[in-house]
Amino acid sequence: MRGRLDAVCVSGTDLPSVPGRKPRRTGIDKRPVAGRVAVRPLGLDGDVQVNRRHHGGEGQAVYAYAQEDADHWVAELDRELPPGRFGENLRTSGLDLRNALLGERWQVGTALFEVTAWRTPCANFARFWDVPDLVKRFAAHGATGAYLRVLETGEVGAGDAVEVVARPDHGITVERAFRIAMTEKARLPELLPALRYLPHKDQPKLRAKIDARTGAAA
């Protein structure tokens, strides 16, 4: 399975403010950059991650969003949504990110990534787009994009191939996991085979929720 990296985006240091919230800045406003970009263990060179509790850090070092899913919102909102407007680092084409498997691995340029999680839409995202009901609409649509873990550092650039080099056999997709975690919590035990691929910070809490439903904690 092979796609293409259309753009590499970083937030830089000129971060937009978020009145009335903490932290008071957000790294959601990302812009395409030219040339090769270094991939570090916890993100792309030049990218600022303000709130690593929810965005960034291990397991959420890089965020990818598909052009095919962006096209839905271009039509839905009748506005241009160039690379970076979803807060993504990587704008891809030719890959079905909704059906990417948790734990599948991507070779991009000289870097190796692993799909770890869905993106949960937040209030900052709605403010950034100035669409008050965006969180609800984004969640209902289900095309959340994919968070990535850096397995091997390297360099990436627009035009690189995105090659899926390995896929686990559990069948748990990004969209399926998102819907279970957000609105179908009775199905949480279904996520157990993919638990080890999630960001490390999220694994204990989800494991506890699964154990509570299966009685394993008793």
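**Exercise 1. The surroundings of D96**

Find which side chain the side chain of D96 makes a polar contact with, and describe where D96 is placed in this predicted model.

Solution. Step one is the contact itself: the side chain of D96 makes a polar contact with the side chain of N99, at 2.6 Å. Step two is the place in the chain, and here D96 is found in the loop between β6 and β7, the latter covering residues 105–108. Step three is the accessibility: D96 has a relative accessibility of 42%, and because partly exposed residues lie between the limits of 20% and 50%, D96 counts as partly exposed. Step four turns to the start of the chain, since D96 and M1 are 95 residues apart in sequence and 9.9 Å apart in space, C-alpha to C-alpha.

**Exercise 2. A residue of strand β6**

Decide whether S93 is buried or exposed, and list the residues that S93 touches beyond four places away in sequence.

Solution. Begin with the element, which is strand β6, made of residues 90–93, and S93 belongs to this strand. Next, take the relative accessible area of S93, which is 18%; buried means under 20%, so S93 is buried. Finally, leaving out residues up to four places away in sequence, S93 touches G3, R4 and D6, and also Q67 and E68.

**Exercise 3. The two sides of helix α5**

Compare the expected span of helix α5 with the distance between its end C-alpha atoms, and then work out how the buried residues of α5 are arranged around the axis.

Solution. Helix α5 runs over residues 203–214 and has 12 residues, which at 1.5 Å a residue should span 16 Å. The end C-alpha atoms of α5 are 16 Å apart, which agrees with the expected span. The buried residues of the helix are Q203, L206, I210 and D211. They cover an arc of only 140 degrees around the axis, and therefore they lie on the same side of α5. On the other side of α5, the residues P204, K205 and A212 are exposed. Just after α5 comes G215, which takes a positive phi of about 80 degrees.

**Exercise 4. Salt bridges between distant parts of the sequence**

Take three salt bridges, R85 with D29, E76 with R137, and E175 with R98, and state for each which parts of the chain are tied together.

Solution. The general idea is that side chains of opposite charge can pair when their charged atoms come close.

- First pair: the side chains of R85 and D29 meet in a salt bridge with an N to O distance of 3.9 Å. R85 lies in the loop between α1 (67–77) and β6, while D29 lies in the loop between β1 (2–10) and β2 (31–32), so the pair ties together parts that are 56 residues apart in sequence. With a relative accessible area of 24%, R85 is partly exposed, whereas D29, at 11%, is buried.
- Second pair: the side chains of E76 and R137 meet in a salt bridge at 3.1 Å, N to O. Because E76 lies in helix α1 and R137 in helix α3 (residues 134–141), this pair ties together parts that are 61 residues apart in sequence. E76 counts as partly exposed at 42% relative accessibility, and R137 counts as partly exposed at 25%.
- Third pair: the side chains of E175 and R98 meet in a salt bridge at 2.9 Å, N to O. E175 lies in helix α4 (residues 174–183) and R98 in the loop between β6 and β7, so parts that are 77 residues apart in sequence are tied together. E175 is buried, with a relative accessible area of 15%.

A further step concerns shared partners, for salt bridges of this kind join E58, R105, E114 and R149 into one network. A search of the whole structure finds 20 salt bridges.

**Exercise 5. Positive phi outside glycine**

State where D78 and D130 lie, and give the phi value of each.

Solution. D78 is not a glycine, although its phi is positive, at about 55 degrees. D78 lies in the loop between α1 and β6 and, at 72% relative accessibility, counts as exposed. D130 is likewise a residue other than glycine with a positive phi, near 60 degrees. The place of D130 is the loop between α2 (123–129) and α3, and at 65% relative accessibility D130 counts as exposed.

Note on methods. Residues numbered from 1 in each chain as written. Predicted model: local features only at pLDDT ≥ 70, side-chain atom pairs only at ≥ 80, totals over all residues. Heavy atoms only, no water. Helix = DSSP H or I, 4+ residues; strand = E, 2+ residues; numbered from the N terminus. Buried < 20%, exposed > 50% of the residue type's maximum accessible area, 1.4 Å probe, protein only. Contact = heavy atoms within 4.5 Å. Polar contact = N/O pair within 3.5 Å; in protein donor to acceptor, adjacent residues only side chain to side chain. Expected span 1.5 Å × (residues − 1). Arc of directions from axis to C-beta. Salt bridge = Lys/Arg side-chain N within 4 Å of Asp/Glu carboxyl O.
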